[in-house]
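Colleague: Please take a close look at the charged side chains in this structure, and at the surroundings in which they sit. I should like one connected account that I can follow residue by residue.

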Amino acid sequence: MTTPAQRCDEVVISGSGLWTPEHVVTNEELVIALNAYADRFNETYKAEIEAGEREPVMRSDPEFIHKASGIRQRHVYVKDGILDIDVMRPLIPERGEDELSHQAEIALAAARDALEHSGREAADIDAVIVSCAYTQRAYPAIAIEVQHALGIEGFGFDMLVACSAATFALHRAYEMVSSGTARAVLVINPELVSPQVNYRDRDSHFIFGDVATAVVIERGDTAVSEHQYRILGTRARTQYANTIRSNFGYMSHAYGGDPFAPDKLFHQEGRAVFRDVCPMAAEHIRGHLEQHELQPSNVRRWWLHQANLNMNQLIAKKLLGRVPEESEAPIVLDRYANTASAGSIIAFHLHNKDLQAGEQGVICSFGAGYSIGSLILEKR
Ligand code: CO8
(Lines give C-alpha, C1' and ligand atoms only; values in the text may rest on other atoms or scores of the structure.)
Protein backbone atom coordinates (compact mmCIF):
# COMPACT_ATOMS: atom_id res chain seq x y z
CA MET A 1 0.00 0.00 0.00
CA THR A 2 1.29 3.47 -0.84
CA THR A 3 1.51 5.69 2.22
CA PRO A 4 0.11 9.21 1.89
CA ALA A 5 2.70 11.75 3.09
CA GLN A 6 0.37 13.31 5.58
CA ARG A 7 1.75 14.97 8.71
CA CYS A 8 0.30 13.83 12.00
CA ASP A 9 -0.14 15.87 15.19
CA GLU A 10 -0.87 13.02 17.55
CA VAL A 11 1.43 9.99 17.57
CA VAL A 12 0.69 7.11 19.92
CA ILE A 13 2.14 3.93 21.31
CA SER A 14 -0.77 1.59 20.58
CA GLY A 15 0.65 -1.71 21.82
CA SER A 16 3.71 -3.51 23.11
CA GLY A 17 4.96 -7.09 23.13
CA LEU A 18 7.29 -9.25 25.20
CA TRP A 19 9.07 -12.53 24.60
CA THR A 20 10.65 -14.11 27.69
CA PRO A 21 13.03 -17.08 27.30
CA GLU A 22 11.91 -20.21 29.16
CA HIS A 23 15.35 -20.86 30.71
CA VAL A 24 16.31 -19.22 34.01
CA VAL A 25 19.75 -18.95 35.58
CA THR A 26 19.82 -17.94 39.26
CA ASN A 27 22.62 -15.99 40.95
CA GLU A 28 23.47 -19.08 42.97
CA GLU A 29 23.91 -21.22 39.85
CA LEU A 30 26.16 -18.62 38.22
CA VAL A 31 28.29 -18.26 41.33
CA ILE A 32 28.73 -22.02 41.81
CA ALA A 33 29.99 -22.28 38.22
CA LEU A 34 32.32 -19.27 38.40
CA ASN A 35 33.77 -20.31 41.77
CA ALA A 36 34.43 -23.85 40.54
CA TYR A 37 36.17 -22.40 37.49
CA ALA A 38 38.16 -19.95 39.66
CA ASP A 39 39.28 -22.69 42.10
CA ARG A 40 40.46 -24.94 39.28
CA PHE A 41 42.21 -22.10 37.44
CA ASN A 42 43.91 -20.77 40.57
CA GLU A 43 45.09 -24.25 41.54
CA THR A 44 46.37 -24.99 38.04
CA TYR A 45 48.34 -21.73 37.87
CA LYS A 46 49.19 -21.53 41.57
CA ALA A 47 52.95 -21.07 41.07
CA GLU A 48 52.54 -18.37 38.41
CA ILE A 49 49.94 -16.54 40.49
CA GLU A 50 52.20 -16.64 43.56
CA ALA A 51 55.10 -15.35 41.45
CA GLY A 52 52.92 -12.46 40.29
CA GLU A 53 53.10 -13.62 36.67
CA ARG A 54 49.39 -14.29 36.33
CA GLU A 55 46.23 -12.75 37.83
CA PRO A 56 44.00 -15.12 39.82
CA VAL A 57 40.34 -15.51 38.82
CA MET A 58 38.27 -13.87 41.56
CA ARG A 59 35.45 -15.77 43.28
CA SER A 60 31.91 -14.41 43.14
CA ASP A 61 29.20 -14.13 45.80
CA PRO A 62 25.38 -14.25 45.42
CA GLU A 63 24.88 -11.90 48.39
CA PHE A 64 27.12 -9.28 46.76
CA ILE A 65 25.26 -9.56 43.47
CA HIS A 66 21.84 -9.02 45.00
CA LYS A 67 22.97 -6.21 47.28
CA ALA A 68 24.98 -4.38 44.59
CA SER A 69 22.46 -4.73 41.77
CA GLY A 70 19.04 -5.98 42.92
CA ILE A 71 19.32 -8.88 40.44
CA ARG A 72 18.20 -12.35 41.59
CA GLN A 73 18.04 -14.26 38.30
CA ARG A 74 18.03 -13.83 34.53
CA HIS A 75 16.34 -15.52 31.57
CA VAL A 76 18.58 -16.88 28.84
CA TYR A 77 17.87 -18.01 25.29
CA VAL A 78 20.07 -21.11 25.70
CA LYS A 79 21.24 -22.33 29.12
CA ASP A 80 23.41 -25.23 27.92
CA GLY A 81 27.08 -24.40 28.32
CA ILE A 82 26.78 -21.33 30.54
CA LEU A 83 27.25 -23.29 33.79
CA ASP A 84 29.72 -25.85 32.40
CA ILE A 85 33.17 -24.73 33.58
CA ASP A 86 34.75 -26.18 30.44
CA VAL A 87 32.49 -24.02 28.27
CA MET A 88 31.05 -20.94 30.08
CA ARG A 89 29.11 -19.57 27.11
CA PRO A 90 25.68 -20.48 25.73
CA LEU A 91 25.99 -23.30 23.20
CA ILE A 92 23.79 -21.92 20.45
CA PRO A 93 23.85 -24.02 17.27
CA GLU A 94 24.72 -22.02 14.15
CA ARG A 95 21.85 -21.96 11.65
CA GLY A 96 22.05 -22.24 7.89
CA GLU A 97 21.57 -19.23 5.63
CA ASP A 98 18.13 -20.49 4.58
CA GLU A 99 16.90 -20.81 8.17
CA LEU A 100 15.31 -18.11 10.30
CA SER A 101 18.08 -16.48 12.35
CA HIS A 102 18.04 -16.75 16.15
CA GLN A 103 17.58 -13.03 16.61
CA ALA A 104 14.79 -12.82 14.02
CA GLU A 105 13.03 -15.70 15.80
CA ILE A 106 12.86 -13.91 19.15
CA ALA A 107 12.12 -10.59 17.43
CA LEU A 108 9.14 -12.19 15.69
CA ALA A 109 7.71 -13.52 18.95
CA ALA A 110 7.76 -10.05 20.55
CA ALA A 111 6.54 -8.39 17.34
CA ARG A 112 3.51 -10.68 17.03
CA ASP A 113 2.59 -9.91 20.65
CA ALA A 114 2.86 -6.15 20.00
CA LEU A 115 0.78 -6.38 16.82
CA GLU A 116 -1.93 -8.23 18.74
CA HIS A 117 -1.96 -5.67 21.56
CA SER A 118 -2.18 -2.81 19.06
CA GLY A 119 -4.95 -4.50 17.06
CA ARG A 120 -2.77 -4.28 13.96
CA GLU A 121 -1.80 -6.60 11.13
CA ALA A 122 1.17 -6.69 8.81
CA ALA A 123 -0.71 -4.67 6.18
CA ASP A 124 -1.06 -1.75 8.64
CA ILE A 125 2.71 -1.41 9.24
CA ASP A 126 4.96 0.63 6.92
CA ALA A 127 8.35 0.22 8.60
CA VAL A 128 10.24 -2.16 10.89
CA ILE A 129 13.15 -1.05 13.08
CA VAL A 130 15.20 -3.68 14.88
CA SER A 131 17.19 -1.83 17.50
CA CYS A 132 19.36 -3.46 20.17
CA ALA A 133 22.84 -3.70 21.67
CA TYR A 134 24.11 -6.24 19.10
CA THR A 135 22.88 -7.70 15.87
CA GLN A 136 24.11 -11.20 15.11
CA ARG A 137 25.29 -10.15 11.63
CA ALA A 138 25.87 -6.93 9.71
CA TYR A 139 23.66 -7.76 6.73
CA PRO A 140 21.09 -8.49 5.52
CA ALA A 141 19.41 -6.51 8.29
CA ILE A 142 17.54 -8.53 10.93
CA ALA A 143 14.72 -5.98 10.48
CA ILE A 144 14.37 -6.91 6.80
CA GLU A 145 14.32 -10.61 7.70
CA VAL A 146 11.54 -9.92 10.22
CA GLN A 147 9.70 -7.69 7.74
CA HIS A 148 9.82 -10.54 5.21
CA ALA A 149 8.67 -13.16 7.74
CA LEU A 150 5.68 -11.01 8.74
CA GLY A 151 4.81 -10.04 5.16
CA ILE A 152 5.15 -6.30 5.78
CA GLU A 153 5.61 -3.99 2.79
CA GLY A 154 7.63 -0.78 3.06
CA PHE A 155 11.09 -0.90 4.61
CA GLY A 156 13.17 -2.03 7.58
CA PHE A 157 16.58 -1.29 9.07
CA ASP A 158 18.72 -2.16 12.09
CA MET A 159 20.25 0.27 14.53
CA LEU A 160 22.59 -0.11 17.52
CA VAL A 161 22.66 2.27 20.49
CA ALA A 162 23.55 -0.13 23.34
CA CYS A 163 21.18 0.37 26.28
CA SER A 164 19.41 3.27 24.58
CA ALA A 165 18.64 1.32 21.40
CA ALA A 166 14.94 0.96 22.22
CA THR A 167 14.27 4.59 23.14
CA PHE A 168 16.33 5.97 20.26
CA ALA A 169 14.42 3.73 17.83
CA LEU A 170 11.11 4.88 19.31
CA HIS A 171 12.28 8.45 18.65
CA ARG A 172 12.91 7.60 14.98
CA ALA A 173 9.52 5.89 14.72
CA TYR A 174 7.80 8.90 16.31
CA GLU A 175 9.46 11.20 13.74
CA MET A 176 8.46 8.95 10.83
CA VAL A 177 4.83 8.84 11.88
CA SER A 178 4.61 12.53 12.74
CA SER A 179 6.21 13.52 9.41
CA GLY A 180 3.88 11.22 7.48
CA THR A 181 6.51 8.88 6.03
CA ALA A 182 4.86 5.92 7.78
CA ARG A 183 1.39 5.26 9.18
CA ALA A 184 2.68 2.79 11.74
CA VAL A 185 6.14 1.55 12.72
CA LEU A 186 7.08 -1.68 14.48
CA VAL A 187 10.09 -1.19 16.78
CA ILE A 188 11.65 -4.44 18.00
CA ASN A 189 14.44 -5.04 20.54
CA PRO A 190 15.70 -8.63 20.35
CA GLU A 191 18.27 -8.42 23.15
CA LEU A 192 20.18 -11.68 22.72
CA VAL A 193 23.08 -10.56 24.90
CA SER A 194 24.21 -13.76 26.69
CA PRO A 195 26.79 -14.59 23.95
CA GLN A 196 28.61 -11.35 24.87
CA VAL A 197 28.78 -12.01 28.62
CA ASN A 198 32.11 -13.01 30.15
CA TYR A 199 30.89 -15.70 32.56
CA ARG A 200 34.46 -15.99 33.96
CA ASP A 201 34.51 -12.39 35.21
CA ARG A 202 32.94 -11.77 38.62
CA ASP A 203 32.51 -8.06 37.90
CA SER A 204 30.08 -8.68 35.05
CA HIS A 205 29.01 -12.36 34.93
CA PHE A 206 25.72 -11.62 36.71
CA ILE A 207 24.60 -8.49 34.92
CA PHE A 208 22.73 -9.57 31.78
CA GLY A 209 19.74 -11.58 30.60
CA ASP A 210 18.09 -12.24 27.22
CA VAL A 211 14.65 -10.99 26.19
CA ALA A 212 12.82 -9.42 23.23
CA THR A 213 10.41 -6.50 23.32
CA ALA A 214 8.41 -4.71 20.63
CA VAL A 215 6.29 -1.59 20.35
CA VAL A 216 3.85 -0.33 17.71
CA ILE A 217 3.90 3.43 17.14
CA GLU A 218 1.19 4.88 14.91
CA ARG A 219 -1.06 7.81 14.02
CA GLY A 220 -3.41 8.71 16.85
CA ASP A 221 -6.29 9.56 14.53
CA THR A 222 -6.60 5.96 13.29
CA ALA A 223 -5.34 3.91 16.27
CA VAL A 224 -7.79 1.22 17.44
CA SER A 225 -6.29 -0.43 20.53
CA GLU A 226 -7.73 -0.28 24.05
CA HIS A 227 -4.64 1.25 25.72
CA GLN A 228 -3.02 4.13 23.86
CA TYR A 229 -0.28 6.51 24.99
CA ARG A 230 0.13 9.86 23.27
CA ILE A 231 3.82 10.73 22.86
CA LEU A 232 4.14 14.28 24.23
CA GLY A 233 7.83 14.52 23.38
CA THR A 234 11.17 12.77 22.93
CA ARG A 235 14.64 13.78 24.10
CA ALA A 236 18.07 12.24 23.51
CA ARG A 237 21.58 12.92 24.70
CA THR A 238 24.93 11.25 24.12
CA GLN A 239 28.34 11.88 25.66
CA TYR A 240 31.40 9.81 24.74
CA ALA A 241 32.75 7.57 27.50
CA ASN A 242 35.00 4.51 27.50
CA THR A 243 33.68 3.06 30.75
CA ILE A 244 31.33 0.53 29.07
CA ARG A 245 32.79 -1.19 26.06
CA SER A 246 33.00 -4.22 23.79
CA ASN A 247 35.69 -4.35 21.10
CA PHE A 248 34.16 -7.26 19.22
CA GLY A 249 33.47 -6.45 15.61
CA TYR A 250 34.29 -7.06 11.97
CA MET A 251 37.87 -5.75 12.42
CA SER A 252 38.69 -8.81 14.58
CA HIS A 253 39.44 -10.74 11.36
CA ALA A 254 42.08 -8.18 10.39
CA TYR A 255 43.63 -7.86 13.84
CA GLY A 256 44.47 -11.56 13.94
CA GLY A 257 44.36 -11.85 17.77
CA ASP A 258 41.88 -13.79 19.86
CA PRO A 259 38.43 -12.64 18.64
CA PHE A 260 36.94 -13.79 21.96
CA ALA A 261 39.50 -12.21 24.35
CA PRO A 262 37.99 -10.53 27.44
CA ASP A 263 38.14 -7.08 25.81
CA LYS A 264 36.02 -8.40 22.92
CA LEU A 265 33.23 -9.20 25.42
CA PHE A 266 31.21 -6.75 27.52
CA HIS A 267 33.33 -5.02 30.15
CA GLN A 268 32.83 -1.89 32.20
CA GLU A 269 33.93 0.22 35.14
CA GLY A 270 30.68 -0.23 36.98
CA ARG A 271 31.38 2.24 39.80
CA ALA A 272 32.32 5.01 37.32
CA VAL A 273 29.21 4.31 35.23
CA PHE A 274 27.03 4.53 38.32
CA ARG A 275 28.68 7.84 39.37
CA ASP A 276 28.49 9.43 35.88
CA VAL A 277 25.11 8.26 34.67
CA CYS A 278 22.82 8.87 37.67
CA PRO A 279 23.15 12.69 37.69
CA MET A 280 23.10 12.81 33.87
CA ALA A 281 19.87 10.81 33.71
CA ALA A 282 18.14 12.81 36.47
CA GLU A 283 19.11 16.13 34.87
CA HIS A 284 18.01 14.86 31.45
CA ILE A 285 14.58 13.81 32.68
CA ARG A 286 14.04 17.02 34.67
CA GLY A 287 14.93 19.11 31.59
CA HIS A 288 12.64 17.05 29.38
CA LEU A 289 9.71 17.44 31.77
CA GLU A 290 10.34 21.21 32.00
CA GLN A 291 10.11 21.46 28.19
CA HIS A 292 6.55 20.22 28.60
CA GLU A 293 5.82 22.34 31.67
CA LEU A 294 5.70 19.26 33.87
CA GLN A 295 7.29 18.50 37.25
CA PRO A 296 8.52 15.09 38.44
CA SER A 297 5.58 15.07 40.88
CA ASN A 298 3.19 15.09 37.88
CA VAL A 299 4.56 11.76 36.63
CA ARG A 300 2.34 8.81 37.55
CA ARG A 301 4.73 6.09 36.32
CA TRP A 302 8.48 5.86 35.72
CA TRP A 303 9.46 3.15 33.24
CA LEU A 304 13.19 3.37 33.84
CA HIS A 305 16.10 1.47 32.33
CA GLN A 306 16.73 -1.69 34.33
CA ALA A 307 20.46 -1.96 35.04
CA ASN A 308 20.68 -1.61 38.78
CA LEU A 309 18.05 -1.17 41.50
CA ASN A 310 20.20 1.27 43.50
CA MET A 311 20.73 3.36 40.36
CA ASN A 312 16.99 3.61 39.68
CA GLN A 313 16.28 4.52 43.28
CA LEU A 314 18.96 7.22 43.27
CA ILE A 315 17.72 8.75 40.00
CA ALA A 316 14.11 8.76 41.18
CA LYS A 317 15.20 10.19 44.54
CA LYS A 318 17.03 13.05 42.80
CA LEU A 319 13.80 13.82 40.93
CA LEU A 320 11.16 13.20 43.59
CA GLY A 321 13.14 13.89 46.77
CA ARG A 322 12.22 10.43 48.07
CA VAL A 323 12.55 6.76 47.13
CA PRO A 324 9.63 5.94 44.82
CA GLU A 325 6.98 3.35 45.59
CA GLU A 326 7.26 0.12 43.57
CA SER A 327 3.99 1.13 41.84
CA GLU A 328 5.52 4.45 40.72
CA ALA A 329 8.79 3.06 39.33
CA PRO A 330 8.32 -0.66 38.71
CA ILE A 331 11.38 -2.91 38.88
CA VAL A 332 11.75 -5.93 36.61
CA LEU A 333 15.51 -6.42 36.84
CA ASP A 334 15.19 -8.74 39.84
CA ARG A 335 13.68 -11.33 37.45
CA TYR A 336 15.12 -10.27 34.08
CA ALA A 337 18.50 -8.70 35.11
CA ASN A 338 19.85 -6.05 32.75
CA THR A 339 18.37 -6.76 29.32
CA ALA A 340 20.26 -3.92 27.59
CA SER A 341 17.79 -1.62 25.82
CA ALA A 342 14.70 -3.72 26.52
CA GLY A 343 14.48 -3.10 30.29
CA SER A 344 12.38 0.06 30.26
CA ILE A 345 10.09 -1.49 27.61
CA ILE A 346 9.54 -4.62 29.74
CA ALA A 347 8.63 -2.31 32.64
CA PHE A 348 6.24 -0.40 30.35
CA HIS A 349 4.71 -3.56 28.91
CA LEU A 350 4.01 -5.12 32.31
CA HIS A 351 2.93 -1.94 34.10
CA ASN A 352 0.89 0.44 31.95
CA LYS A 353 -2.70 -0.68 31.68
CA ASP A 354 -3.81 0.68 35.07
CA LEU A 355 -3.03 4.30 34.16
CA GLN A 356 -6.08 6.56 33.83
CA ALA A 357 -6.74 8.86 30.85
CA GLY A 358 -4.68 12.05 31.17
CA GLU A 359 -2.03 10.50 33.48
CA GLN A 360 1.59 10.83 32.41
CA GLY A 361 4.55 8.49 32.42
CA VAL A 362 8.20 8.61 31.40
CA ILE A 363 10.20 5.94 29.57
CA CYS A 364 13.93 6.55 30.05
CA SER A 365 17.04 4.56 29.14
CA PHE A 366 20.66 5.23 30.12
CA GLY A 367 23.79 3.30 29.30
CA ALA A 368 26.81 2.78 27.10
CA GLY A 369 27.97 5.61 24.90
CA TYR A 370 26.93 7.27 27.23
CA SER A 371 23.44 7.50 25.80
CA ILE A 372 20.23 8.70 27.41
CA GLY A 373 16.82 8.61 25.73
CA SER A 374 13.40 9.56 27.07
CA LEU A 375 9.78 9.75 25.97
CA ILE A 376 7.00 11.50 27.88
CA LEU A 377 3.70 9.69 27.44
CA GLU A 378 0.10 10.53 28.30
CA LYS A 379 -2.66 7.93 28.53
CA ARG A 380 -5.53 8.68 26.13
N1 CO8 B 1 31.21 -11.07 43.93
C2 CO8 B 1 31.97 -10.59 44.94
N3 CO8 B 1 32.65 -9.43 44.88
C4 CO8 B 1 32.56 -8.73 43.74
C5 CO8 B 1 31.79 -9.16 42.64
C6 CO8 B 1 31.11 -10.38 42.76
N7 CO8 B 1 30.36 -10.87 41.76
N8 CO8 B 1 31.90 -8.26 41.66
C9 CO8 B 1 32.71 -7.28 42.11
N10 CO8 B 1 33.13 -7.58 43.36
C11 CO8 B 1 34.04 -6.81 44.20
C12 CO8 B 1 34.90 -5.88 43.39
O13 CO8 B 1 36.02 -6.54 42.86
C14 CO8 B 1 35.27 -4.84 44.42
O15 CO8 B 1 36.30 -5.34 45.20
P16 CO8 B 1 37.46 -4.37 45.75
O17 CO8 B 1 36.75 -3.36 46.63
O18 CO8 B 1 38.35 -5.28 46.49
O19 CO8 B 1 38.06 -3.74 44.54
C20 CO8 B 1 34.02 -4.76 45.29
O21 CO8 B 1 33.32 -5.98 45.09
C22 CO8 B 1 33.13 -3.60 44.89
O23 CO8 B 1 32.94 -3.62 43.47
P24 CO8 B 1 32.26 -2.49 42.66
O25 CO8 B 1 32.76 -1.16 43.13
O26 CO8 B 1 32.37 -2.80 41.20
O27 CO8 B 1 30.73 -2.69 43.17
P28 CO8 B 1 29.48 -1.80 42.96
O29 CO8 B 1 28.84 -1.62 44.27
O30 CO8 B 1 29.80 -0.59 42.16
O31 CO8 B 1 28.52 -2.74 42.10
C32 CO8 B 1 27.80 -2.94 39.80
C33 CO8 B 1 28.93 -3.21 40.82
C34 CO8 B 1 26.58 -3.75 40.23
C35 CO8 B 1 28.26 -3.40 38.43
C36 CO8 B 1 27.44 -1.45 39.81
O37 CO8 B 1 28.61 -0.67 39.75
C38 CO8 B 1 26.56 -1.04 38.66
O39 CO8 B 1 25.50 -1.59 38.41
N40 CO8 B 1 26.95 0.02 37.95
C41 CO8 B 1 26.18 0.55 36.84
C42 CO8 B 1 26.48 -0.27 35.65
C43 CO8 B 1 25.59 0.03 34.49
O44 CO8 B 1 24.51 0.52 34.58
N45 CO8 B 1 26.11 -0.30 33.37
C46 CO8 B 1 25.38 -0.20 32.19
C47 CO8 B 1 25.84 -1.33 31.38
S48 CO8 B 1 24.68 -1.92 30.29
C49 CO8 B 1 24.79 -1.09 28.81
O50 CO8 B 1 25.11 0.04 28.72
C51 CO8 B 1 24.46 -1.88 27.59
C52 CO8 B 1 25.68 -2.50 27.06
C53 CO8 B 1 25.31 -3.48 26.00
C54 CO8 B 1 24.79 -4.80 26.50
C55 CO8 B 1 25.89 -5.80 26.77
C56 CO8 B 1 25.40 -7.20 26.82
C57 CO8 B 1 26.41 -8.22 27.13
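Modeller: Asp276 has a relative accessible area of 24% and is therefore partly exposed, since that class lies between the limits of 20% for buried and 50% for exposed. The model is a predicted one. The partner of Asp276 is Arg275, and their closest N and O atoms are 3.5 Å apart in a salt bridge. Arg275 has a relative accessibility of 57% and so counts as exposed. This pair is one way in to the charged residues, for the structure holds 19 salt bridges. As a general point, side chains of opposite charge can pair when their charged atoms come close.

A second pair has another setting. Asp126 and Arg183 form a salt bridge through their side chains, with an N to O distance of 2.8 Å. Asp126 belongs to the loop between helix 4 (102-118) and strand 4 (127-132), and Arg183 to the loop between helix 6 (165-179) and strand 6, so the bridge ties together parts that are 57 residues apart in sequence. Both of these residues are buried.

A third pair consists of Arg301 and Asp354, whose closest N and O atoms are 2.9 Å apart in a salt bridge. It links distant parts of the chain, since Arg301 is in strand 11 while Asp354 is in the loop between helix 11 (343-350) and strand 12, 53 residues apart. The two partners fall into separate exposure classes: Arg301 has a relative accessible area of 3%, so this residue is buried, whereas Asp354, at 41%, is partly exposed. Elsewhere, salt bridges connect Glu10, Arg230, Glu378 and Arg380 in a network.

Which charged residue is buried yet has no salt bridge? That residue is Glu191, and the nearest side chain of opposite charge, that of Arg172, is 15 Å away. Because a salt bridge requires the side-chain nitrogen and the carboxyl oxygen to be within 4 Å, Arg172 cannot serve as its partner at that distance. Glu191 is located in strand 6 (residues 184-191). Its side chain does make a polar contact of 2.6 Å with the side chain of Ser341. Setting aside residues up to four places away in sequence, the contacts of Glu191 include Ile106, Cys132, Ala133, Ala162, Asp210 and Thr339, as well as Ser341.

Ala162, one of these contacts of Glu191, deserves a word on its backbone. Its phi is near 45 degrees, which is a positive value in a residue other than glycine. Ala162 lies in the loop between strand 5 (155-160) and helix 6, and its relative accessibility of 22% is why it counts as partly exposed. Among the charged residues, Glu293 also has a positive phi, of about 55 degrees, although it is not a glycine. Glu293 sits in the loop between helix 8 and strand 11, and with a relative accessibility of 73% this residue counts as exposed. In general, most residues other than glycine have a negative phi.

The ligand also has an acidic side chain beside it. A polar side-chain atom of Asp203 is 3.5 Å from a nitrogen atom of the ligand. Asp61 approaches through its backbone instead, with an N or O atom 3.2 Å from a nitrogen atom of the ligand. Ala368 likewise places a backbone N or O atom 2.8 Å from an oxygen atom of the ligand. In total, 28 residues surround the ligand, and Ala368 is among the closest, together with Ser60, Cys163, Gln268 and Asn308.

The nonpolar surroundings complete the picture. The largest nonpolar core has 54 residues, of which Ile285, Leu289, Trp302, Ile315, Val362 and Phe366 touch the most other members. Among the elements that each supply at least two residues of this core are helix 8 (270-291), strand 11 (299-304) and strand 12 (360-367). Helix 8 contributes the most, with 8 residues. Beyond residues up to four places away in sequence, Leu289 touches Leu294, Gln295, Pro296, Val299, Trp302, Val362 and Ile376. A second, separate core has 36 residues, including Ala169, Met176, Tyr336 and Ala342. Ala342 also appears among the contacts of Glu191, the buried acidic residue without a salt bridge.

Terms used
Residues numbered from 1 in each chain as written. Predicted model: local features only at pLDDT ≥ 70, side-chain atom pairs only at ≥ 80, totals over all residues. Heavy atoms only, no water. Core = buried A, V, L, I, M, F, W, Y, C linked by side-chain atoms within 4.5 Å. Buried < 20%, exposed > 50% of the residue type's maximum accessible area, 1.4 Å probe, protein only. Helix = DSSP H or I, 4+ residues; strand = E, 2+ residues; numbered from the N terminus. Contact = heavy atoms within 4.5 Å. Lys, Arg positive; Asp, Glu negative; His and termini not counted. Polar contact = N/O pair within 3.5 Å; in protein donor to acceptor, adjacent residues only side chain to side chain. Near = heavy atom within 4 Å.
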